[in-house]
Amino acid sequence: MADSAQAQKLVYLVTGGCGFLGEHVVRMLLQQEPRLCELRIFDLHLDPWLEELKTGPVQVTAIQGDVTQAHEVAAAVAGAHVVIHTAGLVDVFGRASPETIHEVNVQGTQNVIEACVQSGTRFLVYTSSMEVVGPNVKGQPFYRGNENTPYEAAHRHPYPCSKALAERLVLEANGRKVRGGLPLVTCALRPTGIYGEGHQIMRDFYHQGLRLGGRLFRAIPASVEHGRVYVGNVAWMHVLVARELEHRAALMGGQVYFCYDNSPYKSYEDFNMEFLGPCGLRLVGARPLLPYWLLVLLAALNALLQWLLRPLLLYAPLLNPYTLAVANTTFTVSTDKAQRHFGYEPLFSWEESRTRTIRWVQAMEGSAQ
Ligand SMILES: NC(=O)c1ccc[n+]([C@@H]2O[C@H](COP(=O)([O-])OP(=O)(O)OC[C@H]3O[C@@H](n4cnc5c(N)ncnc54)[C@H](O)[C@@H]3O)[C@@H](O)[C@H]2O)c1
Ligand SMILES: CC(C)CCC[C@@H](C)[C@H]1CC[C@H]2[C@@H]3[C@H](O)C=C4C[C@@H](O)CC[C@]4(C)[C@H]3CC[C@]12C
């Protein structure tokens, strides 16, 4: 792929390239991959910012398409050297049906794999999730674990189930012969909770805080650690993996890597306050204001209301039994596998990640500052 005749001639495809993570991967590739000659961005919805990318030296091709449509995926993959598959339905709030989540996340991934095999594309990077491992339905803590830490990965919710199935498909496809006879090389990246510019849930918490007069109310004990990773570092990891898969196929093929950086270990809410605090919000309470049993009851009530109201309207609040369980169970990673296997070091320090995220929150309309 990288011999001198082909230098500067790589074609990359990013599925979900208009999403929160996808946009950062796209921009990172344009900045950090000098061998790129064409970048294809495949997404259900194309965003206007793509236009500004079309004036640079790399050919940027925007493709409006659906990963559940095998023929659309095949057309987008044809002739690509590397596919970074980030497209997915990220829904833990009950907005989409379990069938739709499965179709997009599992069938969509199968379509990407088949398209690679049929078109002779040899390198496939899949954006998996920490949710493939946990937190599990038993709420067992995963405390600073790594890729080899034993943990009972038992899921019921459609989103983690779909990510686990899709990840398995990707890993099992490693070594399959693609058109031309060479083996497919795949690997999966498992981000923990991603934060940074463009993070919708951070936006939601910010606006909720503004509505509540600049306050948020603690719901989860400060002692519950939740793994977070900066979007720029997750994007950088994707770019590095895509680049190194060719050179280290025997080592990296079929492997999984947690995405990590130097973001501090904190509870979900305390971590959010690292950005929302400097933007004028305050987290009220050193301990949760409501007892846990009441939160469980409210979450169950929300689930019931969602079910009752479904024929009339979509009721999908942040709090439900699943999100409560995820937020209330320690899940953090501590690993150096990506450093050992492909030389990953975070591109952005914690201070830089924090500053960039704060600037983004501050730039939002209606800043409390
Ligand atoms: N956000 C997180 O904290 C997080 C953590 C771990 C893993 N992930 C994974 O990272 C990936 C990206 O997540 P995100 O947070 O950027 O979500 P996102 O919703 O912002 O981006 C997903 C993108 O996929 C596109 N997409 C959805 N259905 C599609 C379809 N049928 N065909 C084509 N494109 C489709 C969407 O339009 C969107 O642009 C997902 O695979 C997700 O599972 C996210
Ligand atoms: C109890 C409530 C007040 C707090 C609700 C917060 C809740 C919406 C948050 C907490 C943890 C978040 C998840 C976590 O960061 C990791 C992921 C993995 C990723 O693949 C998809 C998103 C997801 C599930 C986050 C969703 C929002 C959660 C549950």
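Select S267, which counts as buried at 1% relative accessibility. This is a predicted model. S267 sits in the loop between β11 (255-259) and α9. Show its surroundings: apart from neighbours within four places in sequence, S267 is in contact with R218, P221, A222, V224, E225 and H226. Keep H226 displayed; it returns at ligand 2.

**Helix α9**

Step next to helix α9, residues 268-276. How many of its residues are buried? The count is 9 of the 9 residues, so the helix is largely enclosed by the rest of the structure. Buried here means under 20% relative accessible area. To label them, pick Y268, E269, D270, F271, N272, M273, E274, F275 and L276. Charged and aromatic names both appear in that selection, among them E269, D270 and F271.

Now select what lies over α9. The cover of its buried residues includes the helices α6 (200-211) and α13 (350-363). It also includes the strands β8, β9 (215-217), β10 (228-230) and β12 (282-284). Leave β8 on screen, since this strand also supplies residues to the shell around ligand 1.

**Ligand 2**

Centre on ligand 2 and show the residues around it. There are 17 of them, and S129, E131, Y159, G193 and H226 come nearest. Three side chains are worth a distance label. An N or O atom in the side chain of S129 is 2.7 Å from an oxygen atom of ligand 2. For the side chain of H226, the corresponding distance to a ligand 2 oxygen is 2.8 Å. Y159 places a polar side-chain atom 2.6 Å from an oxygen atom of ligand 2. On its own, ligand 2 exposes 620 Å², of which the protein buries 89%.

Colour the shell by class: 12 residues are nonpolar, 4 are polar and 1 is charged. Which helix gives the largest share of this shell? Select α11 (residues 321-327), which contributes 4 residues.

**Ligand 1**

Keep Y159 selected and move to ligand 1, where a polar side-chain atom of Y159 lies 2.6 Å from an oxygen atom of the ligand. Y159 is thus among the nearest residues to ligand 1 and also among the nearest to ligand 2. Ligand 1 has 25 residues around it, with L21, D43, D66, Y159 and K163 coming nearest.

Turn on backbone atoms for two further contacts. At L44, a backbone N or O atom lies 3.3 Å from a nitrogen atom of ligand 1. At T86, a backbone N or O atom lies 3.0 Å from an oxygen atom of ligand 1. Taken alone, ligand 1 exposes 810 Å², and the protein buries 85% of that area.

Colour this shell by class as well: it divides into 11 nonpolar, 11 polar and 3 charged residues. Then select α1 (20-32), α5 (158-172) and β8 (193-195), each of which supplies at least two residues of the shell.

**Backbone details**

Select G134 and P135. The peptide bond between them is cis, with omega near 5 degrees. P135 lies in the loop between β5 (123-127) and β6 (142-145).

Move on to R144, which is in strand β6. What is its phi? The angle is positive, about 50 degrees, although R144 is not a glycine. R144 is partly exposed, with a relative accessible area of 33%.

**C187 and its neighbours**

Select C187 in strand β7 (residues 185-191). Is C187 buried or exposed? At 0% relative accessibility it counts as buried. Beyond its neighbours within four places in sequence, C187 is in contact with L124, V125, Y126, V170, L171, V241, L245, M252, Q255 and Y257.

Draw a distance from C187 to A299: the C-alpha atoms are 36 Å apart in space, and the residues are 112 apart in sequence.

**Annotated spans**

A299 leads to the last selections. An unreviewed UniProt entry places a "transmembrane region" at residues 289-309. This span is 86% helix and 0% strand, and its end C-alpha atoms lie 28 Å apart.

Finally, select residues 13-283, where UniProt (unreviewed entry) places the feature "domain: 3-beta hydroxysteroid dehydrogenase/isomerase". The end C-alpha atoms of this span lie 41 Å apart, and the span is 37% helix and 20% strand.

Definitions and conventions
Residues numbered from 1 in each chain as written. Chains lettered and ligands numbered in written order. Predicted model: local features only at pLDDT ≥ 70, side-chain atom pairs only at ≥ 80, totals over all residues. Heavy atoms only, no water. Near = heavy atom within 4 Å. Polar contact = N/O pair within 3.5 Å; in protein donor to acceptor, adjacent residues only side chain to side chain. Areas by Shrake-Rupley, 256 points an atom, 1.4 Å probe, with all protein chains shown as cover. UniProt positions renumbered as here; feature names shortened; annotations may be inferred. Buried < 20%, exposed > 50% of the residue type's maximum accessible area, 1.4 Å probe, protein only. Contact = heavy atoms within 4.5 Å.
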